[in-house]
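Q: I should like to learn how to read a protein model, one feature at a time. Where might we begin?

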Amino acid sequence: MAEQDASEKRGRLSRPLVLGAAVALVDREGLGALTMRRLATELGVESMALYRYTPGKEALIDGLVEAYFDEINARLRAGSVRGPHQDGWRAELRRIAQAFAATAHAHPEILPLVATRPLAVPVSRRPASVLDLTEHILAVLGRAGFDDAGSLTVYRSFVAWNLGCMLVDKRQVVDNPSEPDPALRLGLHRLSATDYPRLRALVPRFADFDDEAEMLSGLDSLLDGMPEPPLDGFYGGDAS
């Protein structure tokens, strides 16, 4: 009977289910808690049952990035139900930035992987969800009238700004989670007030400001400095 139950559980597994469970585990307990054995326990199967869907721990970590971008793309699709976007390329970039920020808020432990894991492999071997979002951004810029060089300039600036903003905000590592005072919670009392007065004064304010509003305001300023495309023929489309 036990073997039959295990077989039935294996039969219900799928790659999205495995990756979803991995994301939930990391959200709850951090990346250090993620092992093949622990994930199998979460799913109620033997560890070997997972190898059909991911060949090992490193591939599972790459799967977290895949799932992260799947969620961004799903958020974009959910916002596209009213039809094509006609508000211009800048409005669409803001919408993508908001989807990225919402996903970063939902999965802060995965965010550092998003900044590093895709760069470790050639473009052609990156997860389809990563490629889909990249293709969508480049298509938005191309339809707006940017040439190849202009599209790449805007793309690089856009990605760097969004990722950088989220990393700065989310990497304020807590020293004492039970401490209600922001400065003590971040362990800033360990820094010399003489040597680091501004750092001690300003870091606690990371918890007080609206990071998404700051990110979008900075994005607008960044795009203001970009050359406008020669055409004014943007038309939208469903996000990939």
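A: Let us begin with a single residue and its surroundings. In this predicted model, Ala40 is in contact with Val45, Glu46, Ser47 and Leu50 once its neighbours within four places in sequence are left aside. Ala40 lies in helix H3. The C-alpha atoms of Ala40 and Ala21 are separated by 9.4 Å, and these two residues are 19 apart along the chain.

Q: Is Ala40 buried or exposed, and why is it classed in that way?

A: The class follows from relative accessibility, with under 20% counting as buried. Ala40 has a value of 1% and therefore counts as buried. Ser151, whose place is in helix H8, has 7% and so is buried as well. Not counting residues up to four places away in sequence, Ser151 touches Leu138, Leu141, Gly142 and Phe146. Ser14, by contrast, is partly exposed, because its relative accessible area is 27%. Ser14 is found in the loop between H1 and H2, and its C-alpha atom is separated by 9.1 Å from that of Leu50, 36 residues apart along the chain.

Q: What is the secondary structure of the chain as a whole?

A: The chain has eleven helices and zero strands. Of its 240 residues, 38% are buried. Among contacts between residues at least 6 apart in sequence, 71% join residues at least 24 apart.

Q: Which parts of the chain have the lowest and the highest mean pLDDT?

A: Where pLDDT is low, the predicted coordinates should not be read in detail. The average for this chain is 83, and 81% of the residues score at least 70. Among the elements, helix H1 (residues 2-12) has the lowest mean, 50, and helix H2 (residues 15-29) the highest, 96. Over residues 1-8 the pLDDT stays under 50, and the model has zero contacts for them beyond four places in sequence. Over residues 235-240 the pLDDT is also below 50, yet this stretch has 21 contacts in the model beyond near neighbours in sequence.

Q: How should one check the length of a helix, and what does H11 span?

A: One compares the span expected at 1.5 Å a residue with the distance between the end C-alpha atoms. Helix H11 (residues 211-224) has 14 residues and should therefore span 20 Å; its end C-alpha atoms are 20 Å apart, which agrees. The 18 residues of H5 should span 26 Å, and the end C-alpha atoms of H5 are 26 Å apart, so the two values agree.

Q: Which residues of H11 are buried, and where do they lie around the axis?

A: An α-helix has 3.6 residues a turn, so residues three or four places apart point the same way. In H11 the buried residues are Asp211, Met215, Leu216, Gly218, Leu219 and Leu223. They cover an arc of only 165° around the axis, which puts them on the same side of H11.

Q: How many aromatic pairs does a search of the whole structure find, and how is such a pair described?

A: A pair of aromatic rings is described by the distance of the centres and the angle of the planes. The search finds three pairs. The rings of Tyr68 and Phe100 have their centres 5.9 Å apart and their planes at 70°, so this pair is edge-to-face. The pair links distant parts of the chain, with Tyr68 in helix H4 (residues 57-78) and Phe100 in helix H5 (residues 89-106), 32 residues apart. Tyr68 and Phe100 are buried. For Trp89 and Phe146, the ring centres are 4.9 Å apart and the planes are at 90°, so this pair is edge-to-face too. Trp89 lies in helix H5 and Phe146 in the loop between helix H7 (128-144) and helix H8 (148-170), so the pair ties together parts that are 57 residues apart in sequence. Both Trp89 and Phe146 are buried.

Q: Which residues touch the most other members of the largest nonpolar core?

A: They are Leu50, Tyr68, Trp89 and Leu93, in a core of 58 residues. H4 gives the most to this core, with nine residues. Tyr68 also belongs to one aromatic cluster with Phe69 and Phe100. Leaving aside neighbours within four places in sequence, the contacts of Tyr68 include Phe100, Thr103, Ala104 and His107.

Definitions and conventions:
Residues numbered from 1 in each chain as written. Predicted model: local features only at pLDDT ≥ 70, side-chain atom pairs only at ≥ 80, totals over all residues. Heavy atoms only, no water. Helix = DSSP H or I, 4+ residues; strand = E, 2+ residues; numbered from the N terminus. Expected span 1.5 Å × (residues − 1). Buried < 20%, exposed > 50% of the residue type's maximum accessible area, 1.4 Å probe, protein only. Arc of directions from axis to C-beta. pLDDT = per-residue confidence, 0-100. Contact = heavy atoms within 4.5 Å. Phe/Tyr/Trp six-rings, centres within 6.5 Å; stacked < 30°, edge-to-face > 60°. Core = buried A, V, L, I, M, F, W, Y, C linked by side-chain atoms within 4.5 Å.
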